[in-house]
Every structure is written in C-alpha cells, then in structure tokens.
Amino acid sequence: MSSPSVLVVGGGPAGSAAAYWLARDGHDVTLVEKREYPRDKTCGDGLTPRAILQLGDMGFNFDVPEFHRITGLRSYAGDDLVIEMPWPDHSRFPNWGGVIRRRDLDMQVARLAEAEGVTIREKTTATPVVEDGVLTSAVLSNGTTSEIVAPEVTIIADGSMNRFGRDLGSERRRDYPMGMAARGYWRSPRSTDPFLESQLDMRDSSGATMPGYGWVFPLGDGTVNVGVGLLSTFKRWKQVNTSVMLDDYVARTPEYWELDGPLGKPMGGKLTMSFSKSPLVGPNWMTIGDAAGAINPWNGEGISYAYETGRIAAEYVGEAIGAGDLEELGGYTRRLERDYGLYYKMARIFVKLIGNPTVMRTLAHTGLRNRPLMEWTLKVMANLLDDDEKEMGERVYDSLAAVVSRIPTA
Ligand SMILES: Cc1cc2nc3c(=O)[nH]c(=O)nc-3n(C[C@H](O)[C@H](O)[C@H](O)COP(=O)(O)OP(=O)(O)OC[C@H]3O[C@@H](n4cnc5c(N)ncnc54)[C@H](O)[C@@H]3O)c2cc1C
C-alpha cells in the first residue's frame with residue numbers, strides 16, 4: 001500500500017467523521033480500525049440534538065429500523081419527584097434526539113465515510129514509529145502481515161485509552177474530572193418510550209445516598225440500555241463498584257419498565273472529559289474525540305463531541321495540507337479553546353460542586369420542583385443554548401451556585 005496523505009487511527013464516531021469530511025474535500029484518507037464492523041462499544045447509545053445535527057450533515061439515514069427517535073428527557077430525584085422536558089427549540093439544532101446501538105451506528109457512519117472515498121481497513125491495528133520524539137510513520141498490522149506507512153498527517157481517534165497517542169506524549173491531566181460508567185441491556189415492554197430517563201438521586205440497596213446518576217435509554221426494539229455513571233470529583237469514587245451500583249439501580253427503576261435480563265454481561269468504561277488530554281496537536285498529528293478527552297463533563301455526552309472534533313480537525317488538516325504548512329495544525333487547539341473553553345471550565349466547577357452527594361441531591365430535588373429552572377438547566381447541560389440565550393444560561397448557573405452556597409457541607 002502506498003502511504004495515504006492522511007491516516008486516521010480508529011473507526012469510532014471521531015475517526016469516521018474526520019475521515020468523512022476530509023474525503024469529501026478530496027483528500028486521500030485511510031482509516032484503520034482494529035476491530036471488524038459491526039463492533040460493539042460500551043456506551044449508553046444516547047444521542048442528543050447536537051449529535052443528530054452532525055449525523056444529518058453526513059447524510060445519515062434516520063429511517064433505519066435500529067434508530068429510535070427521542071423527544072425529550074425525563075428526570076427523577078428519588079422515587080416520586082419527576083419531570084418530563086422536551087428537547088428545546090434551537091436556531092441550529094433539531095429538537096429531537098435518538099437511541100441506537102453503537103454496533104449499528106458506528107458501522108453506518110463508517111460506511112458513509114467509505115462512500116465518500118475513504119479507504120477503510122478493518123481488523124488492522126496502527127502502532128506509531130517514533131524517532132527522537134517525532135512520529136515518522138505507523139505500522140499497520142492485521143495479525144498476519146504488517147506494513148509501514150508514512151502519511152503527511154495522522155489523526156488519532158483511538159478512544160479513551162489512547163494508546164497510540166500516549167506513545168507520542170499525549171497525557172491526561174489528573175486535575176481534570178474523569179468519569180466511570182457501566183451499562184447493560186434489558187428487555188422491556190416500554191422500549192418504545194420517547195424519553196431518555198435519568199435518576200439524579202442514587203441510593204444503594206440499604207437506601208443510603210450514593211454519588212452518581214443512572215439512566216434508562218429505550219432502543220425501540222423491545223430492549224433498553226440501562227446504566228450508571230459517576231465522576232472522579234465524587235468522594236469515595238474509587239471505592240464504588242459500578243457493577244454493584246448498576247444492580248442496585250436496576251432494582252430501583254420505576255416498575256413500568258418491567259426490566260427482564262440482563263441480556264449478556266453488563267460492561268464498564270472510562271469517560272475522558274473536558275479536553276483533559278494534552279497536547280492535542282503535534283508536528284504532524286492531532287487527537288480527536290475521547291483520545292482528546294472531548295466528552296462534555298456536564299452530562300457525559302461524547303458522541304457529538306467526537307463528531308464535532310473530527311470535523312474541526314478535518315478542517316485544519318485540510319488547510320495545512322493545502323498550504324503545505326503543517327504549522328497550521330496548531331490552529332486546532334486554539335479553535336477548541338474558543339468553541340468549548342469557557343463552557344468546559346464552568347462544567348469543571350459544577351462537577352466539583354456536585355462531587356458532594358448531599359449537594360447533588362439538594363440540587364436535584366430543588367431543580368425538579370422548578371420547571372423553568374430545570375428547562376434552562378437541560379439547555380446548559382446539553383450545550384443547547386442559542387447565542388442570544390448565553391447570558392441567561394450564565395444566570396442559571398449563578399442560581400445553581402447560589403443554591404449550593406446555602407448548603408452547609410458544600
Ligand atoms: C458506559 C458509557 C456510556 C456512555 N454513554 C454515552 C451516551 O449515551 N451518549 C454519548 O454521547 N456518549 C456516551 N459515552 C461516551 C462515548 O461512548 C464516547 O465519547 C465515544 O465513543 C467517543 O468516540 P471516539 O470515536 O472518540 O472513540 P471510540 O468510540 O472509543 O472509538 C475508538 C475506536 O478506535 C479503535 N482503535 C483503538 N486503538 C486502535 C489502533 N491502535 N488501531 C486501530 N484502531 C484502534 C477502537 O477499536 C474503536 O473502534 C459513554 C461512555 C461510556 C463508557
């Protein structure tokens with residue numbers, strides 16, 4: 001194989017989006033994915049309007065039977081306090097979301113990239129060749145044969161473990177939050193429910209308050225994705241066993257789900273957030289999606305940010321190759337800072353505050369009694385504020401902070 005102009009390492013949402021946008025602009029792109037599609041990925045499978053916008057821009061077919069349309073969010077604080085909120089209207093984003101298994105979603109998006117001209121090599125692992133700290137080439141290996149390629153630019157989209165990037169010096173900032181989550185699939189007669197459901201006041205089997213949150217995301221095919229998550233800002237987080245937490249949550253989900261399962265063994269994974277990986281750009285490479293730590297700390301959403309960072313990276317790589325000047329790759333870091341910097345900074349402060357389960361519980365119970373506040377909170381957490389609403393969003397944040405400041409343990 002001759003060396004492509006751009007090598008993309010990893011065929012999840014980030015890698016496929018970057019490859020798609022580069023190929024659409026006429027670039028010669030090879031994407032390597034170490035597994036074979038359809039491949040599973042531990043995830044809640046939930047898509048917000050931000051992800052829907054990106055998928056629509058890539059020509060995704062939402063009429064496939066695997067896709068279940070979602071009209072809003074239902075949040076619980078305890079067993080009785082509940083609120084249902086539709087996705088907000090927005091000048092850019094649609095007012096609907098979706099749930100689709102990652103094995104289906106990621107294969108279909110990879111096929112969209114392929115249709116634009118991307119060469120996709122499945123069951124192929126890329127390993128960097130680094131000389132004097134510089135990425136000179138990559139070894140592509142399918143287990144029986146291997147070859148060396150020397151692309152002009154390598155886009156690293158290898159997920160939260162980021163092995164390829166680590167060899168190039170990409171490291172996670174320990175002072176930034178990180179998430180842990182586990183999920184499984186259950187049968188449910190309510191699988192066509194049009195809401196994503198979350199529980200904000202978690203309890204263990206004895207009824208004691210637990211840090212974290214739980215979700216039930218309906219897939220529309222007779223099954224639901226049930227999961228739990230927690231953040232490294234929560235006290236005792238390392239002592240929490242997410243499998244036990246998931247069992248406790250399943251036992252407490254509202255009866256109407258009539259959960260039957262699990263179907264297969266529930267699986268867990270890490271969520272790298274708030275652009276905790278650094279550096280994001282090297283002389284001839286850049287990281288995107290989870291490899292860049294792009295997950296939104298406000299809500300643990302990573303698929304849309306994987307698509308968005310892939311698309312932004314494609315822009316800068318295209319410009320740098322066009323100009324024959326790889327220094328232009330550096331603009332990617334500045335663009336991320338401009339687009340997400342302040343929002344993620346506010347998120348880091350927020351997740352530190354809710355690290356105390358009492359604060360989280362108080363906020364959830366206060367918020368769920370106040371619909372306008374909760375609707376604004378949904379907009380802030382899902383990053384769906386319109387430009388003319390940003391100031392209002394900051395006021396919501398201030399009111400949340402005011403509630404927190406009245407709690408003696410905060
Ligand atoms: C339990 C859990 C629940 C979640 N729920 C949600 C949710 O409901 N909604 C949401 O938006 N986000 C959710 N997330 C986050 C979301 O899963 C990630 O943000 C998203 O998958 C990031 O996409 P990515 O392309 O960066 O990485 P990945 O999806 O991890 O893709 C990386 C790909 O790279 C491949 N790869 C790795 N190394 C190599 C190599 N050396 N060579 C070739 N290929 C390689 C891997 O096989 C993989 O296919 C959840 C995460 C977890 C752990």
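This passage walks through a parallel sheet, the helix lying across it, a pair of antiparallel hairpin partners and a few residues with unusual backbone angles.

The model is a predicted one, so local features are described where pLDDT is at least 70, side-chain atom pairs count only at pLDDT 80 or more, and totals for chains, interfaces and linings use all residues. Residues are numbered from 1 along each chain as its sequence is written.

Let's start with the sheet. Helices (H or I, at least four residues) and strands (E, at least two) are DSSP runs, numbered from the N terminus, and two strands pair if DSSP finds at least two bridges between them. Lined up as S8-S2-S1-S12-S20, 5 strands make an open sheet with parallel pairing. Strand S8 (119-121) and strand S20 (285-287) sit at the edges, each pairing on one side only. From one strand to the next, the twist averages 15 degrees. Inside this sheet, strand S1 (residues 6-9) and strand S2 (residues 29-32) run parallel and are joined by 4 bridges; Leu-7, for instance, has Thr-30 in S2 as its bridge partner.

Next comes helix H1 (residues 13-24), which lies across S1, S2 and strand S12 (153-156) and runs at about 165 degrees to S2. Axes here are lines fitted to C-alpha atoms, for helices over the stretch in contact, and angles run from 0 to 180 degrees between N-to-C directions. The length of H1 checks out: at 1.5 Å a residue its 12 residues should span 16 Å, and its end C-alpha atoms are indeed 16 Å apart. (The expected span is 1.5 Å times one less than the number of residues.) Just after H1 comes Gly-26, with a positive phi near 90 degrees.

H1 is mostly covered, with 11 of its 12 residues buried. A residue is called buried if 20 or more other C-beta atoms lie within 10 Å of its own, exposed if 12 or fewer, and partly exposed in between, with C-beta atoms placed from the backbone. Among the buried residues of H1 are Tyr-20, Trp-21 and Leu-22. The cover includes S1, S2, helix H2 (49-57), helix H3 (102-115), S12 and helix H6 (303-323); contact means that two C-beta atoms, placed from the backbone, lie within 7 Å.

How does H1 pack against H3 and H6? Two packed helices are described by the angle between their axes and the distance between the axes. For H1 and H3, the axes come within 8 Å and cross at roughly 20 degrees. The two helices are therefore roughly parallel to each other, a label for angles under 35 degrees, while over 145 counts as roughly antiparallel, 65 to 115 as roughly perpendicular and the rest as oblique. Their crossing is left-handed; that is the word when the near helix is turned anticlockwise from the far one by less than a right angle, and right-handed is used if clockwise. Residues of H1 that meet H3 include Pro-13, Ser-16 and Tyr-20, and those met in H3 include Asp-106 and Val-109. The axes of H1 and H6 come within 7 Å and cross at roughly 35 degrees, and this crossing is right-handed. On the H1 side, Trp-21 and Leu-22 are among the residues taking part, with Tyr-307 and Arg-311 among those in H6.Away from H1, strand S17 (residues 223-231) is mostly covered too, with 8 of its 9 residues buried. Strand S14 (residues 178-187) pairs with S17 in the antiparallel sense over 9 bridges, and Gly-184 stands opposite Val-226. Strand S16 (residues 213-218) also runs antiparallel to S17, joined by 6 bridges, with Gly-214 opposite Val-228. In the hairpin of S16 and S17, 4 residues lie between the strands, and Gly-220 has a positive phi near 75 degrees.

Finally, a few backbone oddities. Most residues other than glycine have a negative phi, and most peptide bonds are trans. Asp-45 goes the other way, with phi near 70 degrees; it lies in the loop between S2 and S3 and counts as buried, with 25 C-beta neighbours inside 10 Å. Ser-274 has a positive phi as well, near 65 degrees, and is buried, with 22 other C-beta atoms within 10 Å. The peptide bond from Tyr-37 to Pro-38 is cis, with omega near -5 degrees, and so is the bond from Gly-261 to Pro-262, with omega near 10 degrees.
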